[in-house]
Amino acid sequence: MSEKIQAPRGTQDVLAEMAAGFHVVEDAARRLLEPAGYRRIETPTFEDTALFARGVGESTDVVQKEMYSFDDGGGRSITLRPEGTAPVCRAYLEHGMHKLPQPVKLWYLSSFFRYEKPQAGRYRQFWQVGVEAIGSDDPAVDAEVIVLLDRLLGDMGARELRLRISSLGTPETRAAYREELQAHLRANADRLSDEVRSRIDLNPLRAFDSDHEGTQEVMRSAPLLVDRLTAEDRAHFDAVLALLDAADVSYELDPTLVRGLDYYTRTVFEFASDALGAQSGVGGGGRYDGLMELIGGPPTPGVGWAAGVERILLASGGVPDPEAPVDLFVAYEEPRRADAFTIVTRSRNAGRAAQMELAGRSLKGQLKQATRTGARFVAVLREDGSVLQDTETGGEVAVEGGADGVVAAVNRNLGAGL
Ligand code: HAM
């Protein structure tokens, strides 16, 4: 035997129980988002690498270390999507969605790929449910998407949730703030971790994320971006918070909230669950009013979020996996095989959940298998005649007329029982 091939590290097979969970999340998202005006979108699994390099940002971990990029054989650099916002914005531009009534509200549930160190709740292929509302800078849109995520996580029974929120202002405010922060970091360089020190130029904001003690001390006296917001940005942020208050969504203001993607402007937020371990982020997002220009479009505001489907399920302690009810199991002696097949096919065509013996079991084994499936009715086809059993009442009737007779008897009795 040759060596066994396993799934790549950091990936997982979605088996029945988890698939049921995915289904519940998808259903909950559809029921919540479609009536709120969000339409489904799915973009390709891979995109031009430049979309993420420019959209997500060259200095981010995602672009620097976590992308699955490769030459597609035709000299193009292709990347398996690490996130969904840049692709949805690309699609908005490509399909001229600015001509539609704004904002254009879209949702997706797709798989994404990041070359991260695998651990509980962190995978190299994972699933996100997300929304993007593009074409309006009204603070009500920020509040709407946050309220919807709060609802979705609530509907899914996610436990011990906390919402943290902040505002990053405009790129200009951020640039000025960045210089101020860099000056602060340089002035205290000897107390910083090596990693933070080496990234002062590239990504000084990440210093707020550090768990290094000396760095944390330095950051306690660091200037905060929220204190540097322009009056307009402050007013936008206050309006978002007022709407969240009105919607009874509780949040913590966290001026050190850092998101791993560069495109954010103004509002940023993250839902974390204390029920999870180190990877506590269940969902997050924010406004990205400059992203469209980065990828070659006209200035167009947008706001959205994505939540990890696996993490939603972990935070809600899994969902029950109700096995699909079986209406009819057909057991048979070998000469009646074709009849069994006909009965199952016709029953399925009539909308019944029907199964038949497929593994060559003895009649006794077949009846055991019927019990395992939990079938309501069991048809037993013997060479010398057929019977229909009702597993709920214990009733049994002889059925005349071959396959037709059995199908008719099931149809007659399914509602009432034998
Ligand atoms: P993100 O914070 O990078 O944002 O990812 C959103 C969520 O995806 C995380 O909160 C987490 O639940 C899940 N996630 C991320 N990486 C992994 C992983 N390796 N394994 C399992 N789950 C993971 C974004 O992706 C933005 N596009 C969100 C957004 C939409 N912002 C605006 N619009």
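Author: Let's start with a definition: Ala, Val, Leu, Ile, Met, Phe, Trp, Tyr, Cys and Pro count as nonpolar, Asp, Glu, Lys and Arg as charged, and the others, Gly among them, as polar. Keep in mind that this is a predicted model.

Reader: How do the residues of the shell around the ligand divide into nonpolar, polar and charged?

Author: Nine are nonpolar, ten polar and seven charged. In total, 26 residues surround the ligand, and the closest are E83, E116, Y123, E132 and Y264.

Reader: What makes the pair between E116 and the ligand a polar contact?

Author: A polar contact is a pair of N or O atoms within 3.5 Å. A polar side-chain atom of E116 lies 2.6 Å from a nitrogen atom of the ligand, so the pair fits that cut-off. For Y264, the distance from a polar side-chain atom to a ligand nitrogen is 2.6 Å. The protein covers 95% of the 660 Å² of accessible area that the ligand has on its own.

Reader: Which element gives the most to the shell around the ligand?

Author: That is β10, with six residues.

Reader: Why is D248 called exposed?

Author: Exposed means over 50% relative accessible area. D248 has 72% relative accessibility, so it counts as exposed. D248 sits in the loop between α9 (231-246) and β8 (252-253).

Reader: What is noted about the phi of D248?

Author: Most residues other than glycine have a negative phi. D248 has a positive phi of about 65° although it is not a glycine. E160, with a positive phi of about 50°, is not a glycine either.

Methods. Residues are numbered from 1 along each chain as its sequence is written. This is a predicted model: local features need pLDDT of at least 70, side-chain atom pairs count only at pLDDT 80 or more; totals for chains, interfaces and linings use all residues. Side-chain values use heavy atoms; hydrogens and water are left out. A residue is near a molecule or strand if one of its heavy atoms lies within 4 Å of it. A polar contact is a pair of N or O atoms within 3.5 Å; within protein, one must be able to donate a hydrogen and the other to accept it, and residues adjacent in sequence count only if both atoms are side-chain atoms. Accessible areas come from the Shrake-Rupley method with a 1.4 Å probe; for residues, only the protein chains shown count as cover. Helices (H or I, at least four residues) and strands (E, at least two) are DSSP runs, numbered from the N terminus. Buried means under 20% relative accessible area, exposed over 50%, partly exposed in between (1.4 Å probe, protein chains only).
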